[in-house]
Each structure stands twice: as structure tokens, then as C-alpha cells.
Amino acid sequence: MPIATTVPVSYGLQTSKCNGGLEITVPNSITMFLRSYPSGYKAPLHNVLLLSCMDLRLLDNITHFMEHENLINRYDQYIMAGASVGALVGSAEPDDQLKYIADYQGWEKGLFQHVDLAIQLHQIKDIYILEHRNCGAYRAFLKDNLGDYEEHGYQKEFDDHKRYAQRLSNNLIDFLKRRAVANQNPLSPETAKNEVPINIHGFIMDIKGNVELLCTTAPFPDSTT
């Protein structure tokens with residue numbers, strides 16, 4: 001269930017104009033009041049790899065969200081246009097709404113290579129897939145203008161992001177299992193059925209910085225997500 005929160009911010013002051021042209025300066029923490037962040041997943045206790053889109057409008061919002069997650073200086077960030085669809089567009093099937101773009105076949109492999117390195121160097125235990133609304137890459141990568149959500153509706157936007165974040169999460173799970181086998185550290189069949197070595201969480205952020213949970217491999221016991 002989403003919770004409203006005030007995010008403490010240490011990035012200075014913001015000046016705003018009131019009616020009549022009067023300027024007031026307030027701490028940024030005031031401007032962050034009542035942003036909505038999700039619950040229902042196990043909070044990371046160790047280092048994290050964050051996959052996010054390249055959209056320049058959300059850079060500060062992403063920083064604030066990761067600060068809320070108690071992850072200051074505890075995450076690597078891998079930036080790719082479209083986040084999940086950027087990784088998937090090079091392997092899309094003909095019947096998918098997602099275009100197949102051969103030139104981008106290496107994007108998912110590049111992500112996997114960075115995950116592998118983040119495990120080696122920083123011992124990450126969680127991966128965040130952070131999608132966002134009003135994403136230009138979805139308009140570019142989905143067929144037949146299906147990524148225009150002003151036309152097709154915001155519920156479809158949420159459902160599409162959830163579907164592709166879940167698909168990438170599944171691909172990451174498969175990669176991590178292959179990696180474990182290659183490193184001669186395979187999961188037992190019973191463990192492989194019930195656990196993954198790294199938790200994966202998918203989120204969607206709106207352009208005001210509010211965040212919703214899309215999917216997770218580590219839900220709370222009372223969560224149905």
C-alpha cells in the first residue's frame with residue numbers, strides 16, 4: 001500500500017514566486033512533502049543496482065526516492081532508455097507489442113554484464129528496475145503508437161510497465177541462475193524453485209516523483225503483489 005511521506009533533503013533551498021511577485025525561499029524538504037512511495041516488499045539491507053531510464057526530468061526525483069529507501073551511497077546506477085523495454089527491445093517476438101530492433105540486441109547483455117560486475121565489486125543483493133510514466137522510449141519502442149498513453153489511457157500505461165518490468169525481472173532471474181551454475185555454485189532444485197540469490201523489485205515513477213510498486217521477488221507475507 002502506498003504511503004505518503006516527507007523526504008528529508010540536503011540539497012539546499014528553493015525559491016518560489018507567490019501571487020503578486022513576492023519571492024519566498026523554503027527548504028527543498030518542504031517541496032517534497034506528500035510524495036507517495038510504496039510498501040509491500042522487503043527493504044534492501046545491502047547494496048543495490050538501480051536500472052533507470054535516461055530521462056533528464058527525473059534525476060532529482062530518483063535521488064530522493066533512493067534516499068527514502070536508505071540507500072545513500074549504497075547503489076550502483078545503470079541508465080538505459082526505457083529501462084525494461086530498453087533491455088527487451090533487442091529480443092522482442094513478432095507477436096509482441098514491443099518492436100524488435102536488431103541494433104539494440106546488445107543492450108540486455110550490457111545490463112547483465114554490469115549486474116555481474118556489481119555482484120563482484122559491490123556484493124549487491126537487490127536490483128531495482130525503475131520505470132516512469134510519460135516515457136518517450138515507450139512511445140519509440142512500442143508498435144502502432146501503443147506507447148502514446150494520452151491516447152490509450154493511463155491504466156494501459158501502468159499495465160505495460162508492469163508487464164515489461166516483470167519480463168525483465170524473469171530474465172534477470174534466469175541470468176542469475178546461469179551465473180550461479182557457471183560459477184559452480186548452483187542452487188539446489190528446491191532452493192531454485194523458491195528463492196533467487198538476489199531480490200528484484202520493479203517500480204514506476206510519475207513525473208512528480210510519486211512511486212508505485214510493479215513487481216517484486218521479495219514481497220511481505222501479507223502482500224499480494
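**Group meeting: a walk through a sheet and its helices**

Okay, let's start with one residue, N199: leaving out anything up to four places away in sequence, its contacts are K42, K125, D126, I127, T217 and A218. Keep in mind that what you're looking at is a predicted model. So where does N199 sit? You'll find N199 in strand β8, which covers residues 199-205. And is N199 buried or exposed? Its relative accessible area is 18%, and since buried means under 20%, N199 counts as buried.

Now zoom out from β8 to the sheet. There are five strands in an open sheet, and reading across you get β6-β5-β7-β8-β9, with mixed pairing. Which strands are at the edges? Those are β6 and β9, the latter being residues 211-216, and each of them pairs on one side only. If you ignore direction, neighbouring strands in this sheet are turned by 25 degrees against each other on average. A quick reminder for anyone new to this: the strands of a sheet pair through backbone hydrogen bonds, and they can do that parallel or antiparallel.

Let's look at one pair. Strand β5, residues 48-52, runs parallel to β6, and the two share five bridges. If you want a spot to click on, find V48, which stands opposite Y75 in β6. Then there's a helix on the sheet: α4 packs there, touching β5, β6 and β7, and its direction makes about 170 degrees with that of β6.

Over in strand β7, have a look at H132. H132 is buried, with a relative accessible area of just 3%. What does H132 touch? Skipping neighbours within four places in sequence, the contacts are C53, D55, R57, L58, H161, I204 and M205. I like the I204 one: H132 and I204 are 72 residues apart in sequence, but their C-alphas are 4.8 Å apart in space.

Back to α4, and this time its partner is another helix. When two helices pack, people describe them by the angle between their axes and the distance between the axes. For α4 and α7, the latter being residues 154-182, the axes come within 11 Å and cross at roughly 55 degrees. That angle makes α4 oblique to α7. The crossing is right-handed, by the way. Which residues meet there? From α4 you have E108, L111, F112, V115, D116, I119 and Q120, and from α7 you have L168, N171, L172, F175, L176, R178 and R179. Sort the residues of that contact by type and you get eight nonpolar, two polar and four charged.

Last stop, two loop residues with an unusual-looking backbone angle. The loop between α2 (59-68) and β6 (75-79) holds N70. N70 isn't a glycine, yet its phi is positive, about 60 degrees. N70 is also exposed, at 57% relative accessible area, given that exposed means over 50%. The other residue is Q123, in the loop between α4 (106-122) and β7 (126-132). Q123 isn't a glycine either, and its phi is positive too, at about 50 degrees. How accessible is Q123? Its relative accessibility is 46%, so Q123 counts as partly exposed.

That's my tour. Questions welcome!

Technical notes. Residues are numbered from 1 along each chain as its sequence is written. This is a predicted model: local features need pLDDT of at least 70, side-chain atom pairs count only at pLDDT 80 or more; totals for chains, interfaces and linings use all residues. Side-chain values use heavy atoms; hydrogens and water are left out. Helices (H or I, at least four residues) and strands (E, at least two) are DSSP runs, numbered from the N terminus. Buried means under 20% relative accessible area, exposed over 50%, partly exposed in between (1.4 Å probe, protein chains only). Contact means heavy atoms within 4.5 Å. Two strands pair if DSSP finds at least two bridges between them. Axes are lines fitted to C-alpha atoms, for helices over the stretch in contact, and angles run from 0 to 180 degrees between N-to-C directions. Angles under 35 degrees count as roughly parallel, over 145 as roughly antiparallel, 65 to 115 as roughly perpendicular and the rest as oblique. A crossing is left-handed if the near helix is turned anticlockwise from the far one by less than a right angle, and right-handed if clockwise. Ala, Val, Leu, Ile, Met, Phe, Trp, Tyr, Cys and Pro count as nonpolar, Asp, Glu, Lys and Arg as charged, and the others, Gly among them, as polar.
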